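This report walks through one protein chain for a reader who has not met it before. Please look over the sequence and the structure first.

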Amino acid sequence: MTSPSEVVRATTIHVETSAAAVPASLIAVAGTAIAFASGPLDTTWVGRPNNTGLYLTVFGFAIAGCLALIAGYLSGRSLATDSTAIYRRSSRSVLTLVSYRVLGDFIWLTAGLSIAAAAALLRTLLIGGGIAMGIWPLVLLASSSVLASYTFGLVLGALLLHAAGAAILAPLPYAATLFSSSVLGLSSMPQLQQIVAPYIDQSWDPVLVPNVVPILALVGYVLGVAATCMAAACIIVSRRLRRPNLPLWMATAATLATVAFGLAVIIPWTPNGFARMNPGGVACASASGHVCVWESQEARLSDWVTAEESVYLVAQRLEPDSQRLRIMQVGIDLEGPEDRSLELFNPVPTVTELRLAIAEVYVAAMLAQCVDAPGYGAAFSEMMGLFVDELGGRADSPGVAGGLSVDSIRAEHCG
């Protein structure tokens, strides 16, 4: 039986001689560059912790997967050719030899992915998005995708042997990503998308959080693929080195596990099945209670309060008896007639963006009696103009100078 010290020594040797050092470094650099090059309006993942986790699943397969495949290909080719006869003369089984090689490479790849993940989470934190511990299944899925891509490359390298194959085959994970999103996503069986490319590409509002069970089923499928590829690599390397073959039951067990987990992904699949309703609490403004957001967004509550107060002051100036509304972030249960749900595309909206969005809510409330009138659109546009001018402090605005008011707009367009 191999002692722990021997395992550590063998793993250390494979880490030091690993072909994954350069691909892992590129994973770290690419992940960091993407995280900090994207602004909150340019991407759906920056700013919301859950969406950052979703981004990591795409990055872990589409980009890190390509680089991991290169590392796997080079290691598979090295094992199968064994130019120095190190593996051919070794007393260890082929499974042990391959396992040490995989472990040494995966330590590098995991380090690279960890740096990329840390960069993404740091970027999200810096722009006020916070960090949610609940995204751990998504990070696990990203790591599993890297391992599966690596072991797939291991098989290809052991099978094809040609050095140029690494560069030619490296884009396969990215190609699978494009294929699954553009073809399978529009087909009659969209549940096959995750089977072809195991990532979750959707934007979740704060009302949704990761659904652990289906994500772990997908992780099981990805790890099953990795185990099957590793078994296939062991069989190929055994034949190349004329060593005893891997026991058939191991390869069979890995294949059956892959099929079982694949069915567990496909059968209960629903369009938004990887998410569930946010069980977290709600944070409301302590002073007025007229603004409530999800607890995970509490760091930005002061911006919401500032925006709501300024819009309400404008509403009072335009119509002194206007009702004060209670602004609730999308997904929070509405309890009273004054409650209004507010959804914003930008996950980290500025105070200005919040003011405009809340102003639209107030305008809609003021024109509630005009919803079915033919002139509702024109009335809404004119009323928003008044709010924008007032929020900007323009006393000489065309609307004000022209004598526009809430009553005149209603009279003209609502009948």
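Strands β4 and β5 run parallel and are joined by 2 bridges. One of the pairings between them sets valine 291 against isoleucine 327, its bridge partner in β5. The model described here is a predicted one.

**The sheet**

These two strands belong to an open sheet of 4 strands, ordered β3-β4-β5-β6, in which the pairing is mixed. At the edges lie β3, residues 282–284, and β6, residues 339–342, each of which pairs on one side only. From one strand to the next, the twist averages 25°.

The three pairings of neighbouring strands are set out below, with an example of paired residues for each.

| Strands | Direction | Bridges | Example pair |
|---|---|---|---|
| β3 and β4 | antiparallel | 3 bridges | alanine 283 and valine 293 |
| β4 and β5 | parallel | 2 bridges | valine 291 and isoleucine 327 |
| β5 and β6 | parallel | 4 bridges | arginine 326 and aspartate 339 |

The antiparallel pairing is that of β3 with β4, held by 3 bridges. In this pairing, alanine 283 stands opposite valine 293 of β4. Strand β5, residues 326–329, runs parallel to β6, and 4 bridges join the two. Arginine 326 has aspartate 339 as its bridge partner in β6.

**Helices on the sheet**

Helix α12, residues 301–318, packs on the sheet and touches β3, β4 (291–294), β5 and β6; its direction makes about 150° with that of β4. Helix α13, residues 351–366, also packs on the sheet. The strands touched by α13 are β5 and β6, and its direction makes about 140° with that of β6.

**Aromatic pairs**

The structure holds 3 aromatic pairs. One of them is formed by tyrosine 312 and tyrosine 362: the ring centres are 6.4 Å apart and the planes stand at 45°, so the pair counts as tilted. Because tyrosine 312 lies in helix α12 and tyrosine 362 in helix α13, the pair ties together parts that are 50 residues apart in sequence. Are these two tyrosines buried or exposed? Both tyrosine 312 and tyrosine 362 are buried.

**Disulfides and other cysteines**

There are 2 disulfides in the structure. When the bonded cysteines of the chain are numbered in sequence order, the pairing reads 1-2, 3-4.

One disulfide joins cysteine 284 to cysteine 292, with an S to S distance of 2.0 Å. The torsion about this S-S bond is about 105°, so the disulfide of cysteine 284 and cysteine 292 is right-handed. Its two ends differ in accessibility class: cysteine 284, at 33% relative accessibility, counts as partly exposed, whereas cysteine 292 is buried, with a relative accessible area of 0%.

The other disulfide is formed by cysteine 370 and cysteine 414, whose sulfur atoms are 1.8 Å apart. This link is right-handed too, with 105° about the S-S bond. Where in the chain do cysteine 370 and cysteine 414 lie? Cysteine 370 is in the loop between α13 and α14 (376–391), and cysteine 414 is in the segment after α16 (406–413). The two are 44 residues apart, and the pair links distant parts of the chain. Both cysteine 370 and cysteine 414 are buried.

Two further cysteines can be placed by their accessibility. Cysteine 66 counts as buried at 12% relative accessibility. Cysteine 229 is likewise buried, with a relative accessible area of 12%.

**A glycine in helix α14**

Glycine 385 lies in helix α14. This residue is partly exposed, with a relative accessible area of 26%. Leucine 404 is 19 residues away from glycine 385 along the chain, and the C-alpha atoms of the two are separated by 10.0 Å.

**The chain as a whole**

How many helices and strands make up the secondary structure of the chain? It comes to 16 helices and 6 strands. Of the 415 residues in the chain, 48% are buried. Among contacts with a separation of 6 or more, 75% are between residues 24 or more positions apart. The chain exposes about 18800 Å², and carbon and sulfur atoms supply 65% of that area.

Note on methods: Residues are numbered from 1 along each chain as its sequence is written. This is a predicted model: local features need pLDDT of at least 70, side-chain atom pairs count only at pLDDT 80 or more; totals for chains, interfaces and linings use all residues. Side-chain values use heavy atoms; hydrogens and water are left out. Two strands pair if DSSP finds at least two bridges between them. Axes are lines fitted to C-alpha atoms, for helices over the stretch in contact, and angles run from 0 to 180 degrees between N-to-C directions. Contact means heavy atoms within 4.5 Å. Rings of Phe, Tyr and Trp (its six-membered ring) pair if their centres lie within 6.5 Å; planes under 30 degrees apart count as stacked, over 60 as edge-to-face and the rest as tilted. Buried means under 20% relative accessible area, exposed over 50%, partly exposed in between (1.4 Å probe, protein chains only). A disulfide is a pair of cysteine sulfur atoms within 2.5 Å. Accessible areas come from the Shrake-Rupley method with a 1.4 Å probe; for residues, only the protein chains shown count as cover.
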